[in-house]
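Here is a friendly walk through one protein chain, written for someone new to reading structures. Keep the picture open while you read, and look for each residue as it comes up.

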Amino acid sequence: MTKIGCCCFPKGMKHYFSRFKLVEVQQTFYKPPQVATALMWRGKTPTDFEFAIKAWQLITHPCSSPTYRKAGLNIPQGKEASYGFFRPTAEVMGAWSDEGVRALCEELDLVHCVDPFQREPLYGVVSYFRLHGGWGYRHKYTDEELKWLGDRWGEGYFLFNNLSMYDDALRLER
């Protein structure tokens, strides 16, 4: 099972749905969407279409990230150091060593999402790869890099998040 898509809709939704069966929703990173919004998205898609969601930035990024301002998040004064980087705080919930990630993923049957050019996944029945452009958001994957992905990993979720995401996803699909 190989699923290929992008981390947002780089083309119009209708066009995107005609080409891919998977998207990673970026909005969940900034703020969890309203239920009505999620239902609206689902109502526009083919029945075999899948949505993956990105973890909320309160878990993954520090308060100094400019994306907090974009989301309009207000962090209580004096609590700024409690957020982001998977810190083991009540606000983030949990210790995130490799052993901790592996154990949590196993216990909850979660998939550990990684960029395969940066590290190996720690757990998952299926592989989930988030492709940031390897060496930068502007990086366009070479044919050799895409071949390595297919040869090394073969199956799994491959979601591109770089400037050439749409073209790179199409090229990997071929």
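Ring pairs join Phe9, Tyr16, Phe17, Phe20, Trp41, Phe49, Phe51 and Tyr166 into a cluster. The model you are looking at is a predicted one. Across the structure there are 15 aromatic pairs. One of them is formed by Phe9 and Phe17, whose rings meet edge-to-face, with 5.6 Å from centre to centre and 90° between the planes. Are these two residues buried or exposed? Phe9 is partly exposed, with a relative accessible area of 28%, while Phe17 is buried, with a relative accessible area of 9%.

Another pair is made by Phe117 and Trp148, and this one is tilted: the centres are 4.9 Å apart and the planes are at 35°. The pair links distant parts of the chain, since Phe117 belongs to the loop between β4 (113–114) and β5 (128–131), Trp148 belongs to helix α7 (residues 143–153), and the two are 31 residues apart. Trp148 is partly exposed, with a relative accessible area of 34%.

Rings can also have a charged neighbour over their face. Tyr166, a member of the cluster, has Lys11 lying over its face, at 5.0 Å from the ring centre. In a second example, the charged end of Lys54 sits over the ring of Phe29, 4.1 Å from its centre.

**Two helices that cross**

Two packed helices are described by the angle between their axes and the distance between the axes. Try this on α7 and helix α8 (residues 165–173): their axes come within 10 Å and cross at roughly 55°. That angle makes α7 oblique to α8. The crossing of the two helices is right-handed. Which residues meet there? From α7 come Asp143, Leu146 and Leu149, and from α8 come Asp168, Arg171 and Leu172.

Now look at α8 on its own. Seven of its nine residues are buried, so α8 is largely enclosed by the rest of the structure. The buried residues are Met165, Tyr166, Asp168, Ala169, Leu170, Arg171 and Leu172. What covers the buried residues of α8? The cover includes β1, α1, α7 and β6 (156–160).

Asp168 is a good residue to zoom in on, as it is found in helix α8. With 0% relative accessibility, Asp168 counts as buried. Leaving aside residues up to four places away in sequence, Asp168 touches His139, Lys140, Tyr141, Leu146, Phe160 and Asn162. Leu146 in that list is also one of the α7 residues at the helix crossing.

**Some residues in loops**

Asn161 has its place in the loop between β6 and α8. Asn161 is buried, with a relative accessible area of 11%. Not counting residues up to four places away in sequence, Asn161 touches Cys7, Gln26, Arg130, Leu131, His132 and Tyr137.

Cys8 lies in the loop between β1 (2–6) and α1 (13–19). What is worth noticing about its backbone? Most residues other than glycine have a negative phi. Cys8, although not a glycine, has a positive phi of about 135°. Cys8 is partly exposed, with a relative accessible area of 26%.

Arg87 is placed in the loop between α5 (66–71) and α6 (98–108). At 25% relative accessibility, Arg87 counts as partly exposed. Thr60, in contrast to these loop residues, has its place in helix α4 (residues 57–60). At 16% relative accessibility, Thr60 counts as buried.

**Sequence and space**

Separation along the chain and separation in space can be set side by side. The table does this for three pairs, using C-alpha atoms.

| Pair | Apart along the chain | C-alpha to C-alpha |
|---|---|---|
| Asn161 and His132 | 29 residues | 4.7 Å |
| Arg87 and His61 | 26 residues | 9.6 Å |
| Thr60 and Asn162 | 102 residues | 19 Å |

The row for Asn161 and His132 fits with the contacts above, where His132 is among the residues that Asn161 touches. As a last exercise, find α8 once more and trace what surrounds it: β1, α1, α7 and β6 are among the elements that cover its buried residues.

How values were computed:
Residues are numbered from 1 along each chain as its sequence is written. This is a predicted model: local features need pLDDT of at least 70, side-chain atom pairs count only at pLDDT 80 or more; totals for chains, interfaces and linings use all residues. Side-chain values use heavy atoms; hydrogens and water are left out. Rings of Phe, Tyr and Trp (its six-membered ring) pair if their centres lie within 6.5 Å; planes under 30 degrees apart count as stacked, over 60 as edge-to-face and the rest as tilted. Buried means under 20% relative accessible area, exposed over 50%, partly exposed in between (1.4 Å probe, protein chains only). Helices (H or I, at least four residues) and strands (E, at least two) are DSSP runs, numbered from the N terminus. A charge sits over a ring if NZ of Lys or CZ of Arg is within 6 Å of the ring centre and within 35 degrees of the ring normal. Axes are lines fitted to C-alpha atoms, for helices over the stretch in contact, and angles run from 0 to 180 degrees between N-to-C directions. Angles under 35 degrees count as roughly parallel, over 145 as roughly antiparallel, 65 to 115 as roughly perpendicular and the rest as oblique. A crossing is left-handed if the near helix is turned anticlockwise from the far one by less than a right angle, and right-handed if clockwise. Contact means heavy atoms within 4.5 Å.
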